[in-house]
Amino acid sequence: MTSIQLETPVTGKYTQPTGLFINNEFVKGKKGQEFEVINPATEKVTCKVHEATEEDVDIAVAAARKAFQPGSEWRTMATADRGKLLLKLAELFEKNAEMLAAVEALDNGKSISMARGDIGACIGCIRYYAGWADKIHGKVITTAEGSFNYTKREPIGVCGQIIPWNFPLLMWAWKIAPALACGCTLVLKTAEQTPLSGLVAASLVKEAGFPPGVVNVLSGFGKTAGAAIASHMDIDKVAFTGSTLVGRTIMKAAASSNLKKVTLELGGKSPNIVFEDADIDEAISWVNFGIFYNHGQCCCAGSRIYVQESIYDKFVARFKERAEQNIVGDPFHEKTFQGPQVSQLQYDRIMDYIKIGKEEGATVETGGERHGDVGYFIKPTIFSNVKNDMKIMQEEIFGPVCAIAKFKDADDVLEIANDTTYGLAAAVHTKNLNTAIKVSDNLKAGTVWVNSYNLLHWSLPFGGFRQSGIGRELGKAALENYTQIKTVAINMKGAMF
Ligand code: NAI
Ligand code: MG
């Protein structure tokens with residue numbers, strides 16, 4: 001059996017594929033192993049899915065390699081037709097949007113309203129890259145009379161893609177769409193906590209009409225299937241989103257196998273800076289959204305909040321009030337803002353950090369404990385009076401927990417905001433244009449939001465400075481990850497030596 005009937009309050013019954021998606025078919029793993037998928041809101045088993053091990057990775061890579069062979073249907077397809085297939089996939093996402101959102105809420109625990117937002121962003125991303133498919137080209141470069149040189153952007157080949165559980169389907173779309181627009185084939189491994197939406201989406205890949213082997217989607221664990229992808233000798237490129245720790249492992253595996261190309265989108269500890277001249281109500285809304293959106297399980301979460309000293313007390317009091325209004329609970333209630341953390345392990349990690357914060361002497365303004373009796377729910381938690389060298393100010397917590405401290409002026413805040421090993425994102429809230437530009441210029445971060453937070457868009461490059469990653473996703477920048485330049489230099493002058 002490679003599918004099962006599941007039910008959500010939004011969709012009623014639906015068919016959930018549970019097999020490995022290889023060559024456009026759902027199949028069992030070679031070892032016949034399955035693993036449990038847990039509903040984080042109830043802690044109950046939703047279903048079991050088939051598990052990919054090393055052997056299945058080999059089979060999927062062979063399928064992707066075959067689909068990438070010169071002369072294959074995929075390689076000979078007109079670029080515009082590649083774009084059409086992506087448009088068809090976007091259309092199928094749109095048609096099934098409510099179901100995809102429900103599966104995401106069931107699997108990850110995010111609220112249904114936020115899940116709908118994710119699906120909208122998937123559709124935007126897939127359409128955006130559909131548009132790129134027939135616009136990827138090289139250059140003619142003149143060097144001297146009698147020579148003719150041109151470059152081409154060729155698809156890089158078979159791609160391995162390893163994604164996390166915080167935005168299961170959005171990360172699927174960010175990885176798959178640019179790879180396909182560029183003409184690559186791929187083997188994508190979903191996170192073991194959240195395999196369901198990626199499999200439903202895989203069935204849409206088949207329905208859209210992509211040739212077999214172009215897209216392969218595996219459910220499996222990091223240490224087995226993930227490691228097999230990172231060290232595979234026949235994968236040309238690996239793209240990873242997840243922890244900095246595993247990012248290092250992937251880079252090492254790539255280096256010691258076939259030197260496959262590597263892009264990494266890793267952790268963060270992003271500063272969110274509020275100046276005294278900011279609109280305080282708007283700033284509080286963005287700060288609240290910056291840290292508590294997706295239960296704080298965002299690589300770019302605004303988890304370090306720096307507030308100018310003259311407004312600090314007022315800000316903390318009002319932010320606390322705002323955070324306490326966030327509705328925490330059942331992901332399927334329309335008004336829920338924050339659902340459960342994804343797993344018992346993540347719940348425990350976060351509760352440990354809360355304990356450490358208390359021991360380090362920071363003040364709990366609100367939260368600091370679990371919510372309810374069942375499910376991995378944690379109350380929105382604000383720590384004030386946090387020193388820059390405290391663990392809760394330096395380490396990624398990846399939960400609904402933020403640390404607040406005060407600052408004097410722009411120079412002061414830049415020094416403390418940049419005092420981190422990460423560099424994914426940052427934000428500045430001010431009405432002064434000069435302050436906004438000066439601070440943005442000097443923040444060591446791949447994205448800086450001004451008077452907002454978390455406003456990602458498929459046309460804007462996203463990625464990390466420092467230990468937050470290598471390479472950029474989204475926008476035109478992502479095309480560089482999935483193509484390589486070939487230079488053709490033609491001599492038209494006969495023998496020169
Ligand atoms: P992780 O980095 O272990 O998992 C992410 C993905 O990598 C999953 O698909 C996993 O199966 C895979 N993976 C794990 N070990 C691997 C290995 N040795 N080789 C190849 N693939 C491997 O993240 P985890 O353990 O789920 O979460 C730990 C922390 O990582 C979180 O608390 C958070 O701080 C950070 N994280 C950051 C994310 C981001 O968006 N940048 C997403 C998820 C986690
Ligand atoms: Mg891990």
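This tour moves through the surroundings of ligand 1 in a predicted model.

Residues are numbered from 1 along each chain as its sequence is written, and ligands are numbered from 1 in the order in which they are written. Local features need pLDDT of at least 70, and side-chain values use heavy atoms, with hydrogens and water left out.

Select ligand 1 and the 27 residues around it (each with a heavy atom within 4 Å). Ile163, Trp165, Glu192, Ser243 and Glu396 come nearest. By class, this shell has 13 nonpolar, nine polar and five charged residues; Gly counts as polar here.

Next, display polar contacts (pairs of N or O atoms within 3.5 Å). A polar backbone atom of Ile163 is 2.8 Å from an oxygen atom of ligand 1. At Gly222, a backbone N or O atom lies 3.2 Å from an oxygen atom of the ligand. At Gly242, the partner is a nitrogen atom of ligand 1, 3.3 Å away. The protein covers 89% of the 810 Å² of accessible area that ligand 1 has on its own (Shrake-Rupley method, 1.4 Å probe).

Now colour helix 8 (222–230), a DSSP run of at least four residues. Helix 8 gives three residues, the largest share of the shell.

Finally, colour domain 1 (3–266 + 470–485) and domain 2 (271–457), whose bounds come from an automatic or database assignment. Both give residues to the shell, so ligand 1 lies between them.

Technical notes:
Predicted model: local features only at pLDDT ≥ 70, side-chain atom pairs only at ≥ 80, totals over all residues. Polar contact = N/O pair within 3.5 Å; in protein donor to acceptor, adjacent residues only side chain to side chain. Helix = DSSP H or I, 4+ residues; strand = E, 2+ residues; numbered from the N terminus.
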